[in-house]
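Visitor: Could you take me through one part of this model up close? I'd like the strands and how they pair.

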Amino acid sequence: MTGTQSAPGGEPGALRDQLGGGSLATLARDTLDVALWLVSHNFPVFPADHPATDHCTGMHRECDGNRGKHPCVPFTRQHTTDPATVHQLFAAPRNVGVAVGACTGPDGSARLLVVDSDRHGAIEEAAAAFGHRHESTMRVSTAKGYHDYYWAPASLHLGNGLGQLRGKFDGDVRSGNAYVIGPGSLHATGVLYEVEDPEHPPMYAPAWLLNALHNPPAPPAPRAAPPGGQRTYGDLLGLVTFVLDSQEGQRNERLFWAACRAFEHAAAGRVAPNAVADALADAATRIGLSDTEARAAIRSAYRSGATR
């Protein structure tokens, strides 16, 4: 199966019919093989939900319908590079998660950085916007674009924020306390994640990319102050702290709540709506959410307030 095939609707039965006549055992063998390949290259893995199973196997309380991407275990603690453990974890059909923060580079001082392009050509265009040419590295094709795997200095503590890539790149980055769905996994649309060149290891991230991610984006243009003055981030400090204190499993819920309260401040004229979105998105990416996930939760909170 190539990265261009898909199953209409992404229903479990349709996916199984397309991928081997409904054989879950075949799917389990395929993902097990790739998981073993990953750990042989020192990538710690963990099981995630597989969209061809009848029910989501993620460890969340309630599935949001985003099948194939939910960890089945606390991935920050229960990832592994032990082949025997991999055999146990992937005995049933599971997608393969890669624990990004646990991946160590060849010299021991680097950690994994994954650039997740939402469309083909996104990272190439971003490189050009900064006056550089994209350099090839380990690349995994996904449902919409690519995951480019790089090594980055652990001392930078990059997190998941886009930095100066914000507005110049269609996608997300994953670093530190984060994970990506790895090769051998199946997207809910039926697209298989595949390594383009198994012989091409992750390269060290180019300086332009590290600089862009490490430095904050330019501040938004000043706005006219609303009646009574505008205090922007001062009004958001407590809510930003609330988001930063979130633990795994409660990040989206706490972000949504904080965004609802922050937009109440915005409706009262005490803070600019763009300051709400930027401050909370920056906080959310620091605790492990991607920029896309954070912005989606914030937009949902905004719509929730607008319909009241």
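Guide: Start at valine 45, whose bridge partner in β2 is valine 98. That bridge belongs to the antiparallel pairing of β1 with β2 (residues 95-99), which runs over four bridges. Strands here are DSSP runs of E with at least two residues, helices are runs of H or I with at least four, and both are numbered from the N terminus; two strands pair if DSSP finds at least two bridges between them. By the way, this is a predicted model, where local features need pLDDT of at least 70 and side-chain atom pairs count only at pLDDT 80 or more, while totals for chains, interfaces and linings use all residues. Residues are numbered from 1 along each chain as its sequence is written, and side-chain values use heavy atoms, with hydrogens and water left out.

Now zoom out a little: β1, β2 and β7 make up an open, antiparallel sheet of three strands, in the order β1-β2-β7. β1 (45-48) and β7 (179-181) are the edge strands, and each has a single partner, so one side of each has no neighbour in the sheet. Ignoring direction, neighbouring strands are turned by 35 degrees against each other on average; the axes behind that angle are lines fitted to C-alpha atoms, for helices over the stretch in contact, with angles running from 0 to 180 degrees between N-to-C directions. As for what holds such strands side by side, strands of a sheet pair through backbone hydrogen bonds, either parallel or antiparallel.
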